[in-house]
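Got the viewer open? Let's take a walk through this one together, selecting a few things at a time.

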Amino acid sequence: MTKQASPFAGARGSKTVTLSVQSWVGAQSNVAVAQYLLEHELGYRVDTVQVDEVPAWDALSQDRVDAILEEWGHPDQVRRYVTDKHTVVRAGDLGVTGHIGWFVPTYLAKEHPDITDWRNLNKYASLFRTPESGGKGQIMDGSPSYVTNDQALVKNLKLDYQVVFAGSEAAQITQMQQDAKEHKPFLSYWYTPQWLFKKVPLTEVKLPPYKEGCDTDAAKVACGYPHTRLQKYLNAGFARSGGRAAAFLKKFRWTTEDQNQVSLMIAEEKLSPRTAAEKWVKGHRSEWEEWVR
């Protein structure tokens, strides 16, 4: 995860951009389209590095990556690197609003309409027991590296549940698809935008409403998650001297539907990120032309 590790780092005269790509497919879609346009329209060589959310901030600050294209909300990192150290700068809104929540399959919500209120979850805990949840109901999370308050929520809302990590977005999707196929109950940490909603209808469980500052103390969180306008960030030096690449990344802004379209091609149709990006680019010229000017 260093500049030296880039296959293009030693290429004299080459214009190289290094992008951080997070593990979930939406982030892969952003990077795939940005990479395709940087290479084919602006003549750059692009290296990508997969880094977890918080370490990506360190890499960005230390000039080991040039950009993060989908940031879900790490105020401590923003304060440290943007406000205090000035090693990272804001690059604008991605155009996508993200929201984390707890979801059940819609078929279960239709069978038990009151299950979508967190105050009734203990009543249904037995439905969600698994071998991994230790006799309690299971809330399935993805990777421990993702933004999550779930363990604090379980404790502070006095819920008879256990958070169990699937390990990754892919593992979580596989489990939800299998449970849905068998019409089983499940309760899962999940988020929008996400292509899976088109394949497995999900209904959100209403947690206590989010209010500004209610999640400041991680140990005392007893509220739901905010709706977050996802942001882009650049290394400060790259923002100053990155030329057309930096300008392009600041302009890069698309819709939730655009992202889901590419994500569906990658995750469900099993296209490579590059092929999915190429298909989207060829069909949406009017959307990206302004980015490369």
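Start with the sulfurs: a search of the whole structure turns up one disulfide. Keep in mind as you go that this is a predicted model. Select cysteine 214 and cysteine 223, and you'll see the disulfide that joins them, with 2.0 Å from S to S. A disulfide is a covalent bond between the sulfur atoms of two cysteines. Look along the S-S bond of cysteine 214 and cysteine 223: the angle about it is 85°, and the link is right-handed. Now turn on a surface. Are the two cysteines buried or exposed, or something in between? Cysteine 214 has a relative accessible area of 25%, so it is partly exposed. Cysteine 223 has 4%, so it counts as buried.

**Into the core**

Next, go inside. Which residues of the largest nonpolar core touch the most other members? This core has 83 residues, and the ones to select are Val33, Leu38, Trp102, Phe248 and Leu249. Color helix α1, residues 25-40, as well: with nine residues, α1 gives the most to this core.

Stay with phenylalanine 248 for a moment and show what is around it. Leaving aside residues up to four places away in sequence, phenylalanine 248 touches Ala34, Leu37, Leu38, Leu42, Trp291 and Val292. There's also a second core, separate from that one, with 13 residues. To find this second core, select Val51, Val65, Val78 and Tyr233, which are among its members.

**A strand with several partners**

Now pick strand β4, residues 88-105. How many of its residues are buried? The count is 13 of 18, so β4 is mostly covered. A handy thing to know while you look: in a regular strand the side chains alternate between the two faces of the sheet.

Let's go through the partners of β4 in turn:

- Select strand β9, residues 227-235. β4 and β9 run antiparallel and are joined by seven bridges. For one example, find threonine 97, whose bridge partner in β9 is arginine 229.
- Select strand β7, residues 188-192. Five bridges join β7 to β4, again antiparallel. Here phenylalanine 103 has serine 188 of β7 as its bridge partner.
- Select strand β8, residues 202-205. β8 pairs with β4 over four bridges, in the antiparallel sense. Look for proline 105, which stands opposite leucine 202 in β8.

While you're here, trace the loop between β7 and β8, where you'll find proline 193. Zoom in on the backbone: the peptide bond from threonine 192 to proline 193 is cis, with omega near 5°.

**Rings**

Time to show the aromatic side chains. They form 16 aromatic pairs. Take phenylalanine 128 and tyrosine 161: their ring centres are 6.1 Å apart and their planes meet at 45°, so this pair is tilted. The pair links distant parts of the chain, 33 residues apart: phenylalanine 128 is in the loop between α4 (106-111) and β5 (137-141), while tyrosine 161 is in strand β6 (residues 161-165). Both phenylalanine 128 and tyrosine 161 are buried.

For a bigger group, select Trp24, Trp72, Tyr146, Tyr189, Trp190, Tyr191 and Tyr225, a cluster linked by ring pairs. Then swing over to tyrosine 44: the charged end of lysine 15 sits over its ring, 4.5 Å from the centre.

**Helix α2 and two unusual backbone spots**

Select α2 and color Glu53, Ala56, Trp57, Ala59, Leu60 and Ser61, which are buried. What do the buried residues of α2 pack against? Show β1 (16-21), β3, α3 (75-84), β4 and β9, and you have the answer.

Follow the chain on from α2 and you reach aspartate 63, with a positive phi near 70°. Aspartate 63 is in the loop between α2 (53-61) and β3 (67-71). Its relative accessible area is 36%, so aspartate 63 is partly exposed.

Last stop: lysine 270, in the loop between α9 (256-267) and α10 (273-283). Lysine 270 also has a positive phi, about 65°, although it is not a glycine. Lysine 270 counts as exposed, because its relative accessibility is 66%.

Note on methods
Residues numbered from 1 in each chain as written. Predicted model: local features only at pLDDT ≥ 70, side-chain atom pairs only at ≥ 80, totals over all residues. Heavy atoms only, no water. Core = buried A, V, L, I, M, F, W, Y, C linked by side-chain atoms within 4.5 Å. Buried < 20%, exposed > 50% of the residue type's maximum accessible area, 1.4 Å probe, protein only. Contact = heavy atoms within 4.5 Å. Disulfide = S-S within 2.5 Å. Phe/Tyr/Trp six-rings, centres within 6.5 Å; stacked < 30°, edge-to-face > 60°. Lys NZ or Arg CZ within 6 Å of the ring centre and 35° of its normal. Pairing = 2+ DSSP bridges.
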